[in-house]
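Ready for a few exercises on one protein model? Have a go at each task yourself, then walk through the solution.

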Amino acid sequence: MHGCGNDYVYIDGAAQQISQEDKPRVVRFLSDRHFGVGGDGAIFINPSGAADFEMEMYNADGTRAEMCGNGIRCVAKYVYDKGLTDKRQLSIVSAGQVKYLELTVDEENKVSGVKVNMGKPILEPERIPVALPGERAVDVPIRAGEREYRMTCVSMGNPHAVVFVENVGDMDLERIGPLFEHHDLFPNRTNTEFVEIVDRRHVKMRVWERGTGETLACGTGCCATAVACVLNGLTEDQVTVGVLGGEIEVTWDREENLVYMTGPAATVYEGEIRLDAIPPIAD
């Protein structure tokens, strides 16, 4: 499944029993676009006592991730389309964070789009985390390689560094992305968004996701981008974020201090794979 091209392998965790110890190895294999299925990672959909369902998310390198905006929309589509729920308003928990979702259903009773209440943006550096002083990290300098950039740091349950540039198409993300991801300022690494302002309601964004690399979209990254745009006085509170895989609508309701994200969710194909066919992969 994918949301604007941000694709993951989705697994019914209640039906498929895979040990926690084996999951990183299985995820790395499934995510491999040459030897496995191919994806930006894998997401297990589990029962939950804290919400309607749990999203257990892994990056392509087998590391755990806290939240994925595109992924959580696809989880909602999966559970509704599969008949695991008939609710059109859902709660889904991921790494202890409960999010609330509203489903849009088409004439075939399949989910075509999802609006997610992504909660409050986290701006305090120590909670993002980023090793900077003060109450916020807005338009602060960072040296990556031989150049100094200006970044605004936001957490939407996972860390983001938003960098404004003149032309996102000119960015060499394969070179620049890792410099941010592994920078000493980010104790848990970071996702990095490179953003070009089109006008007060439209921006373009490319993203380098920690543990995966450049992806076609990042839901939490779009949310962090919108918040950073507002904090820097560059856009209105509602903005359309154009990513390589499509568009995502984000609104920061500053009165409630809540971020809402609306975007598509699509199923590409379904299949089976034998886990005993997975070759050993060194940790």
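**Exercise 1. Place Glu 107 in the model and say whether Glu 107 is buried or exposed.**

Step 1: Glu 107 sits in the loop between strand 8 (97-105) and strand 9 (111-119). Helices (H or I, at least four residues) and strands (E, at least two) are DSSP runs, numbered from the N terminus.

Before going on, a word on the source: this is a predicted model, where local features need pLDDT of at least 70 and side-chain atom pairs count only at pLDDT 80 or more, while totals for chains, interfaces and linings use all residues. Residues are numbered from 1 along each chain as its sequence is written, and side-chain values use heavy atoms, with hydrogens and water left out.

Step 2: Check the accessibility. Glu 107 has 76% relative accessibility, so Glu 107 counts as exposed. The cut-offs are under 20% relative accessible area for buried, over 50% for exposed, and partly exposed in between (1.4 Å probe, protein chains only).

Step 3: Now look across to Glu 135. Glu 107 and Glu 135 are 28 residues apart in sequence, and their C-alpha atoms are 48 Å apart in space.

**Exercise 2. Which residues does Thr 225 touch, leaving out those up to four places away in sequence?**

Step 1: Find Thr 225 in helix 4, which covers residues 219-231.

Step 2: Thr 225 has 0% relative accessibility, so Thr 225 counts as buried.

Step 3: List the contacts (heavy atoms within 4.5 Å). Thr 225 touches Val 162, Glu 193, Val 195, Val 203 and Met 205.

**Exercise 3. Which residues touch the most other members of the largest nonpolar core?**

Step 1: Get the term straight. A nonpolar core is a set of buried Ala, Val, Leu, Ile, Met, Phe, Trp, Tyr and Cys residues joined through side-chain atoms within 4.5 Å.

Step 2: The largest core has 55 residues, and Tyr 10, Met 55, Leu 101, Met 118, Val 241, Val 250 and Val 259 touch the most other members. Helix 4 gives this core its largest share, eight residues.

Step 3: Zoom in on Tyr 10. Beyond its neighbours within four places in sequence, Tyr 10 is in contact with Met 1, Ile 43, Ile 45, Asn 70, Gly 71, Cys 74, Val 75 and Tyr 78.

Step 4: Don't miss the second, separate core: it has 22 residues, including Ile 122, Ile 128, Val 130 and Ile 142.

**Exercise 4. How many salt bridges does the structure hold, and what does the one between Glu 270 and Lys 82 tie together?**

Step 1: Start with the idea. Side chains of opposite charge can pair when their charged atoms come close. Here a salt bridge needs a side-chain nitrogen of Lys or Arg within 4 Å of a carboxyl oxygen of Asp or Glu.

Step 2: The total is 16 salt bridges.

Step 3: In the pair of Glu 270 and Lys 82, the closest N and O atoms are 2.8 Å apart. Glu 270 lies in the segment after strand 18 (258-264) and Lys 82 in the loop between helix 2 (69-81) and strand 7 (89-94), so the pair ties together parts 188 residues apart in sequence.

Step 4: Compare the surroundings: Glu 270 is exposed at 59% relative accessible area, whereas Lys 82 is partly exposed at 40%.

**Exercise 5. Which residues lie closest to the centre of the largest pocket?**

Step 1: Picture the method. Rolling a probe the size of a water molecule over the atoms shows where empty space is left. On a 1 Å grid over the protein atoms alone, a cavity is a set of points where a 1.4 Å probe fits but cannot get out; a pocket is an open set with protein on both sides within 12 Å along at least five of seven lines, and lining residues have an atom within 4 Å of a point.

Step 2: The largest pocket holds about 840 Å³ of space. Among its 28 lining residues, Val 9, Tyr 10, Ile 11, Glu 270 and Gly 271 are closest to the centre.

Step 3: Strand 3 supplies the largest share of that lining, four residues.

Step 4: Finish with the cavities: there is one of 30 Å³ or more, and the largest cavity holds about 70 Å³. Volumes here are the space filled by probe spheres set on the grid points, which are joined across faces, edges and corners.
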